[in-house]
Amino acid sequence: MASLSLTQIRTKSSFPELAVTRRVRTGLTLPGRVGMRVVASESSKAAAEPDLSVTVNGLHMPNPFVIGSGPPGTNFTVMKRAFDEGWGAVIAKTVSLDAAKVINVTPRYARLRAGANGSAKGQIIGWENIELISDRPLETMLKEFEQLKKEYPDRILIASIMEEYDKAAWEELIDRVEQTGIDAIEVNFSCPHGMPERRMGAAVGQDCALLEEVCGWVNAKATVPVWAKMTPNITDITQPARVSLRSGCEGVSAINTIMSVMGIDLKTLRPEPCVEGYSTPGGYSSKAVHPIALGKVMSIAKMMKSEFNDKDHSLSGIGGVETGSDAAEFILLGADTVQVCTGVMMHGYGLVKKLCDELKDFMKMHNFSSIEDFRGASLEYFTTHTDLVRRQQEAIRQRKAVKKGLESDKDWTGDGFVKETESMVSN
Ligand SMILES: Cc1cc2nc3c(=O)[nH]c(=O)nc-3n(C[C@H](O)[C@H](O)[C@H](O)COP(=O)(O)O)c2cc1C
């Protein structure tokens with residue numbers, strides 16, 4: 001499944017008004033954009049050791065752990081490090097055409113610690129950043145992508161991109177990143193700070209009409225798989241996810257950071273992170289966002305399951321992953337891959353070994369031999385609150401009936417005569 005030799009043409013029958021001329025793939029080595037099954041390795045069943053490998057939109061990865069866009073994918077050295085340590089794939093820091101417009105400030109991070117009264121020694125559970133997308137020249141980043149693909153032709157490198165509301169600019173950016181040989185594109189429709197002021201990032205992800213239009217441009221141009229990265233800063237995350245998939249994206253990634261204010265310094269009365277006495281709302285990540293991310297991924301996965309062919313579209317879970325168990329939770333909700341950003345900033349690139357070991361331990365405990373064996377297995381246990389009430393009332397009624405017992409042997413059902421007889425005694 002890793003490469004496609006056939007020419008593929010897709011039409012957009014499900015969303016005709018958005019139909020774009022489907023790209024026609026003729027390359028023999030690049031994975032096809034469409035119709036690729038999202039499957040775990042087929043050799044997995046035979047292996048005694050659980051098989052962590054996955055094939056997502058035709059992209060083969062040794063494990064589902066992906067470096068999330070951010071500081072851990074900021075330059076050649078760190079991305080090379082990620083491949084060497086064994087990450088399944090790397091998503092580079094988001095690039096745009098003109099890095100000169102991207103001006104960062106310091107400090108740009110603030111942390112929340114769990115401990116007595118936010119003790120400075122407590123464990124970091126929350127991380128706020130007001131960092132923008134890459135401020136390194138695009139030319140430099142592109143050369144580094146090219147070099148990485150030369151040195152690691154079999155490893156998956158994904159470019160994260162973002163542009164202003166300008167079709168030509170998007171087309172140029174897609175063209176230039178694709179020329180480096182990257183395997184896929186993740187579109188950052190979700191950065192919550194700085195970029196929305198230029199009608200970029202979350203400004204697009206929060207506006208479904210705009211999103212539909214930009215996704216149309218992107219998917220008409222791109223010849224590699226496209227993942228749309230969702231912002232959680234929206235009432236119903238399934239809406240932009242649905243629009244992205246209907247507009248031709250092969251996958252959805254969720255979540256980017258949550259809009260936040262980390263805190264106020266009670267001596268100076270100034271918010272943090274404090275830049276020349278002032279601050280701006282930032283993006284929240286790390287352990288504290290994990291339950292929120294699980295909730296968003298669950299909603300998207302349910303929507304994808306009911307409205308899209310699971311085999312053609314992928315879902316990448318992101319948010320607060322630091323252990324194999326955190327990753328297992330995303331996969332149980334339907335994620336094909338799991339991204340890690342802040343976890344790598346805190347624990348280093350070697351974290352992937354621990355993540356793989358812990359995920360394998362979980363799989364062994366349940367006798368799962370491949371990721372596909374348990375992907376989405378917990379989704380069916382979500383229902384409505386009304387249904388929970390109904391289920392609980394029914395369970396109570398049954399427990400009461402057992403306790404109360406049968407009135408006489410005329411009520412015997414034939415199931416468990418001894419139990420039914422005893423229940424008559426206790427009446
Ligand atoms: C310092 C920092 C910079 C980030 N920069 C980007 C970025 O350039 N593009 C992007 O799509 N996401 C960016 N993110 C968001 C992460 O990729 C990720 O979606 C989010 O932090 C939640 O995952 P985590 O808890 O594993 O960090 C950044 C996150 C952090 C903490």
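**Group meeting: a walk through the model**

Hi everyone, let's start with the inside of the protein: buried residues make up 44% of its 427 residues. Please keep in mind that this is a predicted model. Its mean pLDDT is 87, and 85% of the residues reach 70 or more. In the protein there are twelve helices and 17 strands. As for how the chain comes together, take the contacts between residues at least 6 apart in sequence: 70% of them join residues at least 24 apart.

Before the good parts, a word on where to be careful. Over residues 1-32 the pLDDT stays under 50, and the model has 60 contacts beyond four places in sequence for that stretch. Residues 42-46 also have pLDDT under 50 throughout, with six such contacts beyond four places in sequence. I'll leave both stretches aside today.

Now to the strands. Please find strand 17, residues 337-340. Which of its residues are buried on each side? On one side we have Thr337 and Gln339, on the other Val338 and Val340, and all of them are buried, so both faces of this strand are covered. Strand 17 also has two parallel partners to look at. One is strand 4, residues 65-67, which pairs with strand 17 over three bridges in the parallel sense; there, valine 66 stands opposite glutamine 339. The other is strand 16, residues 314-318, again parallel to strand 17 and again with three bridges. In that pairing, serine 316 has threonine 337 as its bridge partner.

Next, strand 15, residues 282-285, where the pairings run antiparallel. Strand 7, residues 123-129, is joined to strand 15 by three bridges, and asparagine 129 has glycine 283 as its bridge partner. Strand 12, residues 258-260, also pairs with strand 15 in the antiparallel sense, over three bridges. Here the partner of isoleucine 258 is tyrosine 284.

That brings us to the ligand. How many residues surround the ligand, and which are the closest? There are 27 of them, and the closest are Gly68, Gly70, Ser285, Cys341 and Thr342. By type, this shell divides into nine nonpolar, 15 polar and three charged residues. Strand 7, which we just met, supplies at least two residues of the shell, and so does helix 9, residues 342-347.

Let's stay with helix 9 for a moment, and look at methionine 346, which lies in it. Is methionine 346 buried, exposed or partly exposed? It has 16 other C-beta atoms within 10 Å; a residue needs 20 or more to be buried and 12 or fewer to be exposed, so methionine 346 is partly exposed. Its C-alpha atom is separated by 8.9 Å from that of isoleucine 124, although the two residues are 222 residues apart along the chain.

Now for some backbone details that I enjoyed. Most residues other than glycine have a negative phi, and most peptide bonds are trans. With that in mind, here are two cis bonds. Threonine 106 and proline 107 are joined by a cis peptide bond, with omega about -10°, and proline 107 sits in the loop between strand 5 and strand 6. The bond from glutamate 272 to proline 273 is cis too, with omega near -5°. Proline 273 belongs to the loop between strand 14 and strand 15.

And here are two residues with positive phi. Serine 286 is not a glycine, yet its phi is about 85°. You'll find serine 286 in the loop between strand 15 and helix 7. Serine 286 is buried, because 23 other C-beta atoms lie within 10 Å. Asparagine 367 also has a positive phi, near 65°, and lies in the loop between helix 10 and helix 11. With 9 C-beta neighbours inside 10 Å, asparagine 367 counts as exposed.

Let me finish with helix 11, residues 385-404. What span should we expect for its 20 residues at 1.5 Å a residue? The expected value is 28 Å, and the end C-alpha atoms are 28 Å apart, which agrees. Helix 11 is hardly covered, though: the count of buried residues among its 20 is zero.

That's my tour, thanks for listening!

Key
Residues numbered from 1 in each chain as written. Predicted model: local features only at pLDDT ≥ 70, side-chain atom pairs only at ≥ 80, totals over all residues. Pairing = 2+ DSSP bridges. Helix = DSSP H or I, 4+ residues; strand = E, 2+ residues; numbered from the N terminus. Contact = placed C-beta atoms within 7 Å. Expected span 1.5 Å × (residues − 1). pLDDT = per-residue confidence, 0-100. Near = placed C-beta within 6 Å. Nonpolar A, V, L, I, M, F, W, Y, C, P; charged D, E, K, R; others polar.
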